[in-house]
Structures are given as structure tokens and as C-alpha cells.
Amino acid sequence: MTQPDSPASPRAATLADRDAQAALFDRCFDRQDGGAVLPWRYDQGPHGAALTTVVDGEAGLVASYACGPRRLAGDNEVLVGETGDVMTAPEARGGGLFSGLDRATMASAREAGWPVVFGLPNRASAHIFVRDLGWEEVGQLRPYTFVLVSDAGARAERMKVSRLAAATVPWTAWRGTMA
């Protein structure tokens, strides 16, 4: 089900927005390191600066979408885009901000000359890309984790993938392998 279009206007982010983006990142992803990681991700990446689009709300920044350049090697090197750090403040979700941000960011990617943009969305947002925004799913990646210890913390980490995987942590740690 496509979300309604939001009346908010996405705009290109600037360096002056990084602190607000970091605060939104920390809030949306339950982290405290946005101020440390976003400057590299958005401004100092090895293949160039990311395209970042934001939406302002009454209380400040309410949504942000980053798309970083990735260099593909081959006969001719080419830059493509990879989506990342797509975030909307919890109180602003469901109002169509994400759809508007995607359209604006993809327009910027076309203007930058990127022939392809790909994403590796998490389970919570993959359906939004495919069902609501018209992205094409070309495959799925399975995350693998090699657990070096078999304590409760390691089992909790594996539980994020599956209960069966979590139950086999002591056996696989003893064997030195992971399924």
C-alpha cells in the first residue's frame, strides 16, 4: 500500500545539517555514535561524498536519506549509488516522507550520472522499497555471524538471525564453524 504524499519538501542536506542528522540517526537506530560515524559516511567516503536529502519539521529535522557512491571496477570504472541511513523520526512515520525522500534522492542520483542505485535494506524496510516505491528485488543476502564465545551474549546476538541458530551456538563454537 503506497503511503500518501507528504506536503513536506525534501531538500539537499548541507554540512550544517550533520549535527541534526547525527541526532536523528542516534534516535532512530538507538545509538550514540552518529556524530562520529556520519561525517565519514556522508562527507569523507573513499568514493566521494554521499547524496543526502532531508525534511525539516516544526521541531527540526524529521527525516533523512543518504545514498553513497560506490566505485565498480572493471574495464571502465563507474560510480553507482548505495542507499543507507534512511531514517524518519518515530512521530513522523507513516505520512509519506520516505516516498518523497526516495524520489528526491533518486533524482539527485540521476543528476550525478549514477546509472544504478542499489540498497541492502533491513527486514523492517525492504517491503517499503519493493511494494511502495517500485524498487526491484534481485536477491536476498543471508547474514552470517561467527561467534567466538558461546555465552548468553553470543546466543542473544544469534537470536537476531534465528532461534535455531541461537540454539546451536555452543555446538558450532566448539566445532569452530558457523552454519
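Arginine 11 is partly exposed, at a relative accessible area of 28%; that label covers the range between buried (under 20%) and exposed (over 50%), with a 1.4 Å probe and protein chains only. Its salt-bridge partner is aspartate 56, with 2.7 Å between the closest N and O atoms. The pair ties together distant parts of the chain, 45 residues apart: arginine 11 sits in strand E1 (residues 11–12) and aspartate 56 in strand E2 (residues 51–57). Aspartate 56 is partly exposed too, at 40% relative accessibility. A salt bridge here is a side-chain nitrogen of Lys or Arg within 4 Å of a carboxyl oxygen of Asp or Glu.

Before going further, a word on where this comes from. This is a predicted model, where local features need pLDDT of at least 70 and side-chain atom pairs count only at pLDDT 80 or more, while totals for chains, interfaces and linings use all residues. Residues are numbered from 1 along each chain as its sequence is written, and side-chain values use heavy atoms, leaving out hydrogens and water.

**Confidence**

The average pLDDT of the chain is 84, and 79% of the residues reach at least 70; pLDDT is the predictor's confidence in each residue, from 0 to 100. Which stretch stays under 50? That would be residues 172–179, for which the model has twelve contacts beyond four places in sequence, a contact being heavy atoms within 4.5 Å. Where pLDDT is low, don't read the predicted coordinates in detail.

**Overall layout**

The chain has seven helices and five strands, which are DSSP runs numbered from the N terminus (helices H or I, at least four residues; strands E, at least two). Starting from the N terminus, the order is β-α-α-β-β-β-α-β-α-α-α-α. Of the 179 residues, 35% are buried. Among contacts with a separation of 6 or more, 57% join residues 24 or more positions apart. The chain exposes about 11,000 Å², with 55% of that from carbon and sulfur atoms; areas come from the Shrake-Rupley method with a 1.4 Å probe, and for residues only the protein chains shown count as cover.

**More on the charged pairs**

Side chains of opposite charge can pair when their charged atoms come close. How many salt bridges does a search of the whole structure find? It finds nine, and three of the pairs are tabulated here.

| Pair | Closest N to O |
|---|---|
| Arginine 11 and aspartate 56 | 2.7 Å |
| Glutamate 77 and arginine 71 | 3.3 Å |
| Aspartate 132 and arginine 131 | 2.8 Å |

In the pair of glutamate 77 and arginine 71, glutamate 77 is exposed, with 55% relative accessible area, while arginine 71 is partly exposed at 38%. As for the other pair, aspartate 132 counts as buried because its relative accessibility is 11%, and arginine 131 counts as partly exposed at 47%. Salt bridges with shared partners also join Arg11, Asp17 and Asp56 into one network.

**Two aspartates with positive phi**

Aspartate 30 isn't a glycine, yet its phi is positive, at about 50 degrees. Its place is the loop between helix H1 (18–29) and helix H2 (34–43), and with a relative accessible area of 67% it is exposed. Aspartate 85 also has a positive phi of about 50 degrees without being a glycine. Is aspartate 85 buried or exposed? Aspartate 85 is buried, at 14% relative accessible area, and it belongs to strand E4 (residues 78–88).

**Cysteines**

There are zero disulfides in the structure, taking a disulfide as a pair of cysteine sulfur atoms within 2.5 Å. Cysteine 28 is buried at 18% relative accessible area, and cysteine 67 counts as buried at 0%.

**A nonpolar patch, and helix H4**

On the surface, Val116, Phe118, Leu120 and Leu141 form a nonpolar patch with about 400 Å² of accessible area together. Patches take residues with over 30% relative accessible area and no salt bridge, joining like charges within 9 Å and nonpolar side chains (Val, Leu, Ile, Met, Phe, Trp, Tyr) within 5 Å. Valine 116 lies in the loop between helix H3 (97–111) and strand E5 (117–118), and is partly exposed at 44% relative accessible area.

Alanine 126 is in helix H4 (residues 126–132) and counts as partly exposed at 26% relative accessibility. Its C-alpha atom is 8.8 Å from that of glutamate 137, eleven residues apart along the chain.
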